[in-house]
Amino acid sequence: NNYRNLKLDELYYKNTLIIWAFFENKNYPIAIMLSSEILEERKNYKPVLKMLAQSYFELNKLKLANKFLIEYARIDSKSPDVYYMIWVISQKNHDYIKSNIFLNLALDQKYGNIESIYRLQLYNYLILDQNKKISETFDKIIALKKKPDSNDLILATYYSIINNKNDKASLLTETWLKLYPEKEDFYWFKAWIKIEEGDLEQATNLLNKAKE
């Protein structure tokens, strides 16, 4: 119906509507074939280039997907979902540094799910064993919510301790105990800090509290 009712004469535009219909119905091989035909005449036609790239992406043909995503990014540097797909491909190829670069670009271009990007970056930093970056990223995740997830808080405290930031870790445990008084982990972490400070009496009290 869109095809018939369209008042424009440009055939390539009308054909793009048909490709979009195939793409939306997950008929990616047909979308790829028709997109390739249009791109032979209109090399930098962004809507078709993007459908072609994403069709390859959905079919897990990542090398071809990456090729056309990079082409698209050269034409349009303000496409967060394109950067996001390049991130996925980079991570699957174990190129975690490149992956984080494109995650940051997606953030710069206001990608919708900020928490998702932080968690994906966190995964990369874990693989790269970058403890300082891990700790900084947990801070960002925690700052997103009024009542952060207890597991995020536990791990944030842990990475503060192993990065020798005991003052920060101690402050974290005080704050988290108000939010999750039933969680023994925070008493345990506070005890750990007290042991490192040589305050064994207070550490014992906190361990007993955790045991309770």
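**Exercises on helix packing**

**Exercise 1.** Identify which residues of helix α11 meet which residues of helix α12.

*Solution.* From α11, the residues N166, A169, S170, T173, E174, W176 and L177 meet F186, Y187, F189, K190, I193 and E196 of α12; contact requires heavy atoms within 4.5 Å. Sorted by class, this contact comprises 7 nonpolar, 3 polar and 3 charged residues. The model is predicted: local features need pLDDT of at least 70 and side-chain atom pairs pLDDT 80 or more, whereas totals for chains, interfaces and linings use all residues. Numbering starts from 1 along each chain as its sequence is written, and side-chain values use heavy atoms, without hydrogens or water.

**Exercise 2.** State at what angle α11 and α12 pack, and classify their relative direction.

*Solution.* Helix α11 (residues 166-179) packs on helix α12 (residues 184-196) at about 150 degrees, and their axes lie 9 Å apart. Therefore α11 is roughly antiparallel to α12 (over 145 degrees).

**Exercise 3.** Compare the expected span of helix α10 with the distance between its end C-alpha atoms.

*Solution.* Helix α10 (residues 150-162) has 13 residues, so at 1.5 Å a residue it should span 18 Å. The end C-alpha atoms of α10 are 19 Å apart, which agrees.

**Exercise 4.** Establish which residues of α10 are buried, and what they pack against.

*Solution.* In α10, the buried residues (under 20% relative accessible area) include L153, I154, A156, Y159 and I161. The buried residues of α10 pack against α8 (114-128), α9 (131-143), α11 and α12. N151, also in α10, has 46% relative accessibility and therefore counts as partly exposed (between 20% and 50%). Between the C-alpha atoms of N151 and D185 the distance is 9.7 Å, although 34 residues separate the two in sequence.

Key. Axes are lines fitted to C-alpha atoms, for helices over the stretch in contact, and angles run from 0 to 180 degrees between N-to-C directions. Helices (H or I, at least four residues) and strands (E, at least two) are DSSP runs, numbered from the N terminus. Angles under 35 degrees count as roughly parallel, over 145 as roughly antiparallel, 65 to 115 as roughly perpendicular and the rest as oblique. Ala, Val, Leu, Ile, Met, Phe, Trp, Tyr, Cys and Pro count as nonpolar, Asp, Glu, Lys and Arg as charged, and the others, Gly among them, as polar. The expected span of a helix is 1.5 Å times one less than its number of residues. Buried means under 20% relative accessible area, exposed over 50%, partly exposed in between (1.4 Å probe, protein chains only).
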